[in-house]
Amino acid sequence: MLEKLRQEVWEANMSLPENDLVVGTTGNVSGLDRDSNLVVIKPSGVKYSELKPEDLVVLDLEGKVVEGKLKPSVDTPHHLYLYRNLKGIGGIIHTHSPYATMFAMLERSIPVYNTTQADIFGREIPCAPYVDNQADHIGKAILKNYKEGCPAILLGKHGVFTFDETPTRALRAAVMLEYAAKTAKGALELSAALGKELTPFSEEETQKWYARHHGGGYGQEGK
Ligand SMILES: [Zn+2]
């Protein structure tokens, strides 16, 4: 069941190691089927190199497994909490991607330092304060600190969550977030080494890029 979504979620999971967003078996992607309200998610502790589409677990929004032999990701409660509480999302990714996690370790948001971040996110990437992973603590921290229209958030001392209409779009946010964090870290280091101030974009300049990227004209028609 849910073959198309299963394939998309599997491909997005496999893209995590390809894009150096995960180490070991950490990280997970899920997708929501809006018609049935069922979620497809990565199983717990399976190596990416051994992960097959049929290994993915299907569950309802309360966490009851309806298909699959393996245990779902330990992060499943956070995914389900977000699907239940964030309108319009159909794909979620959680990683500890290293550059974004460095900012999270300092509990620092990532200011808009380049056009790519302005294009994709249209604002600084917010950071939720540290919480443990018990009960709904992570889901609640995300809900309280995410910014409308921004598909990514850092989790203090932990990692990142991205969420968007589809798993594929959530993957794009995860990849672009890591790029933004990597270039920000490098530029901050250069700034200190060269004694040259690194200044973020103004809100007005950021919105110009964001509107142009999201308002048509970018990419191929009908995509
Ligand atoms: Zn985690």
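Here is a walk through the sheet of this predicted model and the helices around it.

Let's start with the sheet itself. Eight strands make up an open sheet with mixed pairing, and going across it the order is 4-3-2-1-5-8-7-6. The two edges are strand 4, at residues 65–67, and strand 6, at residues 127–128; each of these pairs on one side only. As a reminder, strands of a sheet pair through backbone hydrogen bonds, either parallel or antiparallel.

Now look at strand 1, residues 28–33. Five of its six residues are buried, so strand 1 is largely enclosed by the rest of the structure. In the strand order, strand 1 sits between strand 2 and strand 5. On the strand 2 side, the pairing is antiparallel and runs over four bridges. Leu32 is one to click on here, since you'll find it opposite Val39 of strand 2. Strands 1 and 2 form a hairpin, with four residues between them. In that turn, Asn37 has a positive phi of about 55°.

On the other side, strand 1 is joined to strand 5 (residues 91–95) by four bridges, and these two strands run antiparallel as well. Val29 stands opposite Ile93 of strand 5, while Ser30 has Ile92 as its bridge partner there.

Next come the helices that pack on the sheet. Helix 2, residues 76–85, touches strand 1, strand 2 (38–41), strand 5 and strand 8 (159–164). The direction of helix 2 makes about 145° with that of strand 2. Helix 6, residues 167–194, also packs on the sheet, and its contacts are with strand 1, strand 5, strand 7 (152–155) and strand 8. Relative to strand 8, the direction of helix 6 is at about 140°.

That leaves helix 3, residues 98–105. Which of its residues are buried? They are Tyr99, Ala100, Phe103 and Ala104. These four cover an arc of only 150° around the axis, which puts them on the same side of helix 3. The spacing fits a familiar rule: an α-helix has 3.6 residues a turn, so residues three or four places apart point the same way. As for what lies over the buried residues of helix 3, the cover includes strand 6, strand 7, strand 8 and helix 6. Once helix 3 has ended, look for Glu107, which follows it and has a positive phi, near 50°.

Technical notes
Residues are numbered from 1 along each chain as its sequence is written. This is a predicted model: local features need pLDDT of at least 70, side-chain atom pairs count only at pLDDT 80 or more; totals for chains, interfaces and linings use all residues. Two strands pair if DSSP finds at least two bridges between them. Two residues are in contact if their C-beta atoms, placed from the backbone, lie within 7 Å. Axes are lines fitted to C-alpha atoms, for helices over the stretch in contact, and angles run from 0 to 180 degrees between N-to-C directions. A residue is buried if 20 or more other C-beta atoms lie within 10 Å of its own, exposed if 12 or fewer, and partly exposed in between; C-beta atoms are placed from the backbone. The arc is that of the directions from the helix axis to the C-beta atoms.
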